[in-house]
Amino acid sequence: MIGKYALRLASLGYLAVLLVAPVGFVFWRTFEHGVGPAWDAVTTPDALHALKVTLILTAIAVPANTVFGVLCALAIVRHRYPGAGIVNAVVDLPLALSPVVAGVALLLLYGRGRWLGGHGIVFALPGMVLATIFVSLPFVVREVVPVLREIGTEQEQAAATLGASGFQTFLRVTWPAIRWATAYGVVLTTARALGEFGAVSVVSGRLVGQTESLTLYIQDRYVSFDTTGAYAAAVVLALLAMVTLILMTRLKPKEGTQ
Amino acid sequence: MIEARGIVKRFGDFTALDGVSVDVPTGSLTALLGPSGSGKSTLLRVVAGLEQPDAGEVSLDGEDVTRLPPQSRGVGFVFQHYAAFKHMTVWDNVAFGLTIRRRPRSEIKQRVTELLDLVQLSGLAKRYPAQLSGGQRQRMGLARALAVDPKVLLLDEPFGALDARVRKELRIWLRRLHDETHTTTVIVTHDQEEAMDVADRVVVMNAGRVEQTAPPRELYDHPANEFVMSFVGPVNRLGDTFIRPHDVELLLEPNGSTQEAMVQRLVHLGFEVRVELVRDDGETLSAQLTREQVETLELQHGQIVYVRPTHQTVFAD
Amino acid sequence: MAANAGTVPAAPGARRSLAPGLSIGLSTLYLSLIVLLPLAALSWRAHGWGAVSTPQAVAALRLTLGLSVAVALVNAVFGTAIAWTLVRDRFVGQGFVNALVDLPFALPTIVAGLTLLALYGPKSPVGINAAFTRWGLLLALLFVTLPFVVRTVQPVLFELDREMEDAAASLGAGRVTTFLRIILPSILPAILSGVALAFARAVGEFGAVVLISGNLPFKTEVVSVYVLGRLESNDSGGAAAASVVILLISFGVLLAIGGLRRWVTRHDR
């Protein structure tokens, strides 16, 4: 019995010291003088602009990766074609790869005077969009692939024998089966897109009030010794993260605890 | 009328169908019978358009459909594991084919009501497949396939996933359904009793080829070869001759043509008794007798009897 | 669940599901533009291999790998312990703790770094200052890698047949023996793949460490920060070369995880 409590204490203690205490402390520091100063700090023009940039990046990257994710999962699971193995492997790469490397790679391809370079991609919004898409690309694919495997092809075949076209079959049979997995993938993609820092940092050029997303703004405030501004912006992102967590818990396929 | 001509289908190195030709007459109920891996399910899927043959042709009612997708063939297909649309109610499952075809609502309503009545699921229309038993799900699968008035109805081991009692009920019910609708029907099964019970014609398949096509009785009485003989019923093999257990007569005294054997085991199966025998040379055979016969002979374990075949078959190789 | 093991052969009927050309063509094009072409450009541009053999680069690489190994080991122990607590223990607030484990996935990395710096930095209310030290780096990396082992071990532990443990107990095995001989071998592949993911993440981490490390060359500069430094010195060839090194490590880890999965599916039948 003592062993059980010791284990519980160790696990929960580790979580408390590593996660709960630091995050809780930042919340406390942000609001220790009331909501007023925090509100002022996140409503400066630069902060609002940074928030807008972050929302734009997310609003482009998430739909793009959702459509791609579903199509790519269908390609991986339902079709056999040369190169399927490579696609399957490459899709996972952004999960394991340093975002800085992703940023450098995009810079070297789309930068001024590079292969596909041109004015206005790197050190501008389009480059940041590409970087955000890169790092948040695998999530929808990874959630949808196992579900597609699990449901098999029998229902789709039944629909075909009943006269449904490929598109009708997708809409009426396949999609209802994968929509929750897709939704879960969308939540993960959104969380990653909102919080991306490394890759965006490399390709943005960090022009305050222009190409600064909220995460870049936090770093900028902190190194400029404006901890109030940094904490307040961090709390905004942390709150978004918590909304994400709640959605994740709601949508997650039941496993783990009973 | 379904005509399949010279169908070849390979999966990698494995030849599932090795030049198979089968005719299914309009209005018949034909069974494709064979062990697993014999190609029967593949043939059915080729007819439905779910598999593309590597060679050969399929025609339905005289129209060559070999290159047509399943959507345009007008077949109804019933799957072994039901393939129920899990997120739709029973009603929506059955209505699917009609909804896809954008039929008027009143027509859909009338047709689905009719079909649910036919398969005795009227009270369960609002349930989801997960709330049904296996037998109910398969009846739903049948109603769904029948909803679009298919030219032919194809059933792939439809009762394979059900327990023995439900299987028997459903196949009697399927036979009755066929007698009412006369839809040209093909049923795939590995169960010879099921095939004999339900079908007018049985196509026996083995290793990607057709061994014999005949009505059930002819198949049993005049099997074309050793494989068919042993697949459609129990059989004793004595050298080159094959004898069904009910064609074995047991005598207490030897006469010219009898062979000596010892009773090893008596298995009581209700009205019938299976007598397991072993000969001097160690070969075993079984005889099927009525209870009365066993009582008259006063058979006992270890007793010596004399075996006489009343009917035997020798295949010219 | 045979359908999950390896690749299920595509059913021929599915050939007609949602225009194969569309899904294959579009997803390949998208993947090429976003991932493959940039990585190709990266490898093409990687000259100046001198940049990866300078003492500063070697120090950064060594520090990164050393920290990542440490992170992997700590996660193996605490990740398994947390997974165990979530599956086998019962206590009030368990659902909350279970959700909490995903926080590092959801929380932006820069925010993670900032919160650690607030509590364990120069103005620490608890008197611990890990800023600009390797301890600070370790802390930041442990924060962001926490979910990996928990989330790979948890489902396996949950599915584990308790009858095996009862059987072991009935044969006289004590609790420690049962854990070491029965449970651990069953969950080891999951621990290893979680550890590998945590390792890969630690090698490439940037956002969480950039504030707390201070980026002191030879002392707290990790390799991703080094790449950024090369870029800021207008040495894009050197940045690319160092990036390729990180890329190869990531690829190696992915291959190892893939190999591990195949090995498990082969031995799990």
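Mentor: Two strands are said to pair if DSSP finds at least two bridges between them. With that rule in hand, we may examine this predicted model.

Trainee: What makes strand 11 and strand 12 of chain B a pair?

Mentor: Strand 11 is joined to strand 12 (residues 241-243) of chain B by 3 bridges. The rule asks for at least two, and therefore these strands count as paired. They run antiparallel. In strand 12 of chain B, Phe242(B) is the bridge partner of Arg237(B).

Trainee: What is the order of strands in the open sheet of chain B, and how are they paired?

Mentor: The order is 11-12-18, 3 strands in antiparallel pairing.

Trainee: Why are strand 11 and strand 18 of chain B said to stand at the edges?

Mentor: Strand 11 (236-238) and strand 18 (313-314) of chain B each have a single partner strand, so one side of each lacks a neighbour in the sheet.

Trainee: Where do the domains of chain B lie in the numbering?

Mentor: The domain assignment places domain 1 at 2-229 and domain 2 at 236-314. Taken over C-alpha atoms, the centres of domain 1 and domain 2 of chain B are 40 Å apart.

Trainee: How many residues of domain 1 and of domain 2 of chain B are in contact?

Mentor: On the domain 1 side there are 4 residues, in contact with 5 residues of domain 2 of chain B. The two domains bury about 550 Å² between them, 55% of it given by carbon and sulfur atoms. Within domain 1 of chain B, Tyr220(B), Glu226(B) and Met229(B) lose the most area to domain 2, together 92% of what that side buries.

Trainee: Why is the contact of Arg237(B) with Glu226(B) called a salt bridge?

Mentor: The closest N and O atoms of Arg237(B) and Glu226(B) are 2.9 Å apart. The cut-off for a side-chain nitrogen of Lys or Arg and a carboxyl oxygen of Asp or Glu is 4 Å, and therefore this pair qualifies. The count between domain 1 and domain 2 of chain B is 1 salt bridge. Across that interface there are also 3 residue pairs in polar contact, both residues at pLDDT 80 or more. The domain 1 side of the interface holds 3 nonpolar, no polar and 1 charged residues.

Trainee: What makes the meeting of Asp89(C) and Arg8(A) a salt bridge?

Mentor: The N to O distance between their side chains is 2.7 Å. Set against the limit of 4 Å, this value satisfies the rule, and therefore the name applies. Between chain C and chain A the count is 1 salt bridge, with 9 residue pairs in polar contact (both at pLDDT 80 or more). Helix 1 (residues 20-45) gives the most to the side of chain C that touches chain A, with 20 residues. By class, that side of chain C has 68 nonpolar, 19 polar and 6 charged residues.

Trainee: How much area do chain C and chain A bury between them?

Mentor: The figure is about 8,400 Å², 76% of it on carbon and sulfur atoms. In this interface 93 residues of chain C are in contact with 91 residues of chain A.

Trainee: How many helices and strands does chain C have?

Mentor: Chain C has 12 helices and 0 strands. The C-alpha trace of chain C spans about 65 × 60 × 30 Å along its principal axes.

Trainee: What lies at the start of helix 8 of chain C, in terms of side-chain oxygen and backbone nitrogen?

Mentor: At the start of helix 8 (residues 162-170), a side-chain oxygen of Asp161(C) comes to within 3.1 Å of the backbone nitrogen of Glu163(C). Gly172(C), with a positive phi near 100°, follows helix 8 of chain C.

Conventions
Residues are numbered from 1 along each chain as its sequence is written. Chains are lettered from A and ligands numbered from 1 in the order in which they are written. This is a predicted model: local features need pLDDT of at least 70, side-chain atom pairs count only at pLDDT 80 or more; totals for chains, interfaces and linings use all residues. Side-chain values use heavy atoms; hydrogens and water are left out. Contact means heavy atoms within 4.5 Å. Buried area is the accessible area (1.4 Å probe) that two parts lose on being put together, summed over both. A polar contact is a pair of N or O atoms within 3.5 Å; within protein, one must be able to donate a hydrogen and the other to accept it, and residues adjacent in sequence count only if both atoms are side-chain atoms. Helices (H or I, at least four residues) and strands (E, at least two) are DSSP runs, numbered from the N terminus. Ala, Val, Leu, Ile, Met, Phe, Trp, Tyr, Cys and Pro count as nonpolar, Asp, Glu, Lys and Arg as charged, and the others, Gly among them, as polar. Domain bounds come from an automatic or database domain assignment.
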